Amino acid sequence: QVQLVESGGGSVQTGGSLTLSCAKFGPIYSTNSMGWFRHAPGKEREGVAAIDTVVGDTYYADSVQGRFTVSEASAETSLYLQMISLKPEDTAMYYCAATGVRLPPGAVFAARHYNYWGQGTQVTVSS
């Protein structure tokens with residue numbers, strides 16, 4: 001079993017920065033693909049960043065490309081999402097997700113492929 005615990009959310013003004021953390025507990029082989037998703041009220045859940053933790057390939061949604069960076073701690077114990085130039089439309093609950101499957105690029109933002117989810121951390125960006 002894998003447990004994921006997010007932290008680092010908060011409230012910032014437009015243009016501000018935040019770094020989210022996702023602590024991983026469990027077998028490393030169960031987290032070969034990991035992703036960050038967000039869910040805002042009235043909107044569908046959206047995958048924003050993903051990483052193949054075996055080779056380090058990263059993927060980003062168009063809406064966050066160039067502003068968000070996903071990375072993994074060298075000890076493979078945590079996943080991070082560095083967010084800069086935040087906008088009000090980035091306001092959402094952010095979730096960390098993992099699966100033991102190495103997902104192809106076309107599948108990394110499909111939530112149904114992920115087996116493990118954290119409880120979420122709220123990000124609020126005010127104008």
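The legends below describe close-up views of a predicted model of one protein chain.

**View 1. The whole chain is built from strands.** The protein chain holds zero helices and eleven strands. Followed along the sequence, the strands give the pattern β-β-β-β-β-β-β-β-β-β-β. The C-alpha trace spans about 40 × 25 × 25 Å along its principal axes. A compact globule with 127 residues would have a radius of gyration near 14 Å, and the value for the protein chain, 13 Å, agrees with this.

**View 2. Burial, surface and contacts of the chain.** Of the 127 residues in the protein chain, 45% count as buried. The accessible surface comes to about 6200 Å², and carbon and sulfur atoms hold 50% of this surface. Among contacts in the protein chain with a separation of 6 or more, 59% are between residues 24 or more positions apart.

**View 3. The disulfide between Cys 22 and Cys 96.** The model has one disulfide. Cys 22 is joined to Cys 96, with an S to S distance of 2.1 Å. Cys 22 belongs to strand E3 (residues 18-25) and Cys 96 to strand E9 (residues 92-99), so the pair ties together parts that are 74 residues apart in sequence. Such a link is a covalent bond between the sulfur atoms of two cysteines. The torsion about the S-S bond of Cys 22 and Cys 96 is about -75 degrees, so this disulfide is left-handed. Cys 22 and Cys 96 are both buried.

**View 4. Pairing of E3 with E8.** Strands E3 and E8 pair in the antiparallel sense, over six bridges. Cys 22, the E3 partner in the disulfide, stands opposite Leu 79 in E8.

**View 5. The hairpin of E7 and E8.** E7 and E8 run antiparallel and are joined by five bridges. Within this pairing, Thr 69 stands opposite Gln 82 in E8. The two strands, E7 and E8, form a hairpin with five residues between them. Glu 76, in the turn, has a positive phi of about 60 degrees.

**View 6. The largest nonpolar core.** This core has 27 residues. Trp 36, Leu 81 and Met 83 are the residues with the most contacts inside the core. At least two residues of the core come from each of E3, strand E4 (33-39), strand E5 (46-52), strand E7 (68-72), strand E8 (78-83), E9 and strand E11 (121-126). The strand that gives the most is E9, with four residues.

**View 7. The second nonpolar core.** Separate from the largest core is a second one of nine residues. Among its members are Tyr 59, Ala 97, Leu 103 and Val 108.

**View 8. Surroundings of Thr 99.** Thr 99 lies in strand E9. The relative accessibility of Thr 99 is 0%, under the 20% limit, and therefore this residue counts as buried. Leaving out residues up to four places away in sequence, Thr 99 touches Ser 30, Thr 31, Asn 32 and Ser 33. On the same basis, Thr 99 also touches His 113, Tyr 114 and Asn 115.

Methods:
Residues numbered from 1 in each chain as written. Predicted model: local features only at pLDDT ≥ 70, side-chain atom pairs only at ≥ 80, totals over all residues. Heavy atoms only, no water. Disulfide = S-S within 2.5 Å. Buried < 20%, exposed > 50% of the residue type's maximum accessible area, 1.4 Å probe, protein only. Core = buried A, V, L, I, M, F, W, Y, C linked by side-chain atoms within 4.5 Å. Rg over C-alpha atoms; globule rule 2.2 N^0.38 Å. Contact = heavy atoms within 4.5 Å. Areas by Shrake-Rupley, 256 points an atom, 1.4 Å probe, with all protein chains shown as cover. Pairing = 2+ DSSP bridges.
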